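Student: Please take one part of this model and go through it closely. I would like the packing in a connected account.

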Amino acid sequence: MEGNQNPVPRTVEEVFKDFEGRRNGLLKALTTDSEKFYQQCEPDQENLCLYGLPNETWEVNLPVEEVPPELPEPALGINFARDGMKVKDWLSLVAAHSDSWLLSVSFYFGARFGFGKSDRKRLFQMINELPTIFEIVKGDAKQAKEQAAAQINSSKINKSTGRMPSQHPNAQPKSGVKVSAPKNDDEIGEEEEEDEEEEDEQGGALCGACGDNYATDEFWICCDICERWFHGKCVKITPAKAEHIKHYKCPSCSNKRARV
């Protein structure tokens with residue numbers, strides 16, 4: 001819980017700064033201050049919450065009594081699960097709830113001060129550049145950072161080389177996906193090295209329609225307008241049809257153009 005000494009963020013930059021401060025406070029509680037945090041969460045106490053504050057500090061406290069609260073509240077009763085789990089698993093559980101709470105606070109400010117679509121998108125992109133608290137506590141932050149970089153690189157590659165992530169030569173093709181002719185051993189070795197690099201770059205890509213991750217055995221296509229990747233099946237585009245499309249526009253971008 002926090003007092004009124006902190007100014008209420010009103011712009012995207014201010015909301016993101018507030019997010020970073022709260023996030024840093026929560027990270028301290030769940031990493032460098034984890035022993036102190038553990039001791040403050042005795043199961044025999046009442047429902048306790050972990051709060052991250054804009055000044056990069058944290059506190060364990062009871063939930064606010066006012067209804068509705070001034071801000072969204074974090075997970076209630078985190079202390080009750082403490083002794084029934086391994087410490088690492090318990091900290092990871094609290095981390096996941098903390099990530100959810102951080103997003104809810106930031107987008108509460110966005111809703112309260114009338115952020116439009118572009119502002120909400122920019123805020124989420126700024127937040128998404130950072131690894132989640134859960135990833136850091138679990139030790140997956142490095143992998144998350146690499147996946148984020150891969151998604152950016154995948155977008156850059158699309159601008160100059162094409163619309164679709166390349167298919168791995170050894171992947172089992174889906175129905176309708178064309179398979180290249182057999183290569184000799186040298187060609188296969190070179191192609192596999194190139195495909196492994198491309199797979200690393202595309203590992204963080206998400207389908208703009210269904211939200212699922214990139215998979216090497218699926219046909220994908222990228223919108224030349226918004227530069228988002230899509231499963232071919234989600235936008236009803238087959239590999240054969242894609243060969244005759246010079247500039248692909250996803251359904252969302254096509255609808256925008258139609259309304260102009």
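Tutor: The largest nonpolar core (buried Ala, Val, Leu, Ile, Met, Phe, Trp, Tyr and Cys residues joined through side-chain atoms within 4.5 Å; buried is under 20% relative accessible area with a 1.4 Å probe, protein chains only) has 32 residues, and Leu 30, Phe 37, Leu 50, Val 60, Val 94, Leu 123 and Ile 133 touch the most other members. At least two core residues come from each of H1, strand S1 (49-52), strand S2 (58-61), helix H3 (87-112), H4 and helix H5 (133-138); these are DSSP runs, H or I of at least four residues for helices and E of at least two for strands, numbered from the N terminus.

The model is predicted: local features need pLDDT of at least 70 and side-chain atom pairs pLDDT 80 or more, while totals for chains, interfaces and linings use all residues. Residues are numbered from 1 along each chain, and side-chain values use heavy atoms, without hydrogens or water.

Leu 123 touches Val 12, Val 15, Phe 16, Ser 106, Phe 107 and Phe 115, leaving aside residues up to four places away in sequence; contact means heavy atoms within 4.5 Å.

Leu 123 is also among the H4 residues that meet H1, with Asp 119, Arg 122, Met 126 and Ile 127; the H1 side is Val 12, Glu 13, Val 15, Phe 16 and Phe 19. This contact has seven nonpolar, no polar and three charged residues (Asp, Glu, Lys and Arg count as charged; Ala, Val, Leu, Ile, Met, Phe, Trp, Tyr, Cys and Pro as nonpolar; the others, Gly among them, as polar).

On the H3 side, Leu 103, Ser 106 and Phe 107 meet Arg 120, Leu 123, Phe 124 and Ile 127 of H4. Five nonpolar, one polar and one charged residues make up that contact.

Methods: Buried < 20%, exposed > 50% of the residue type's maximum accessible area, 1.4 Å probe, protein only.
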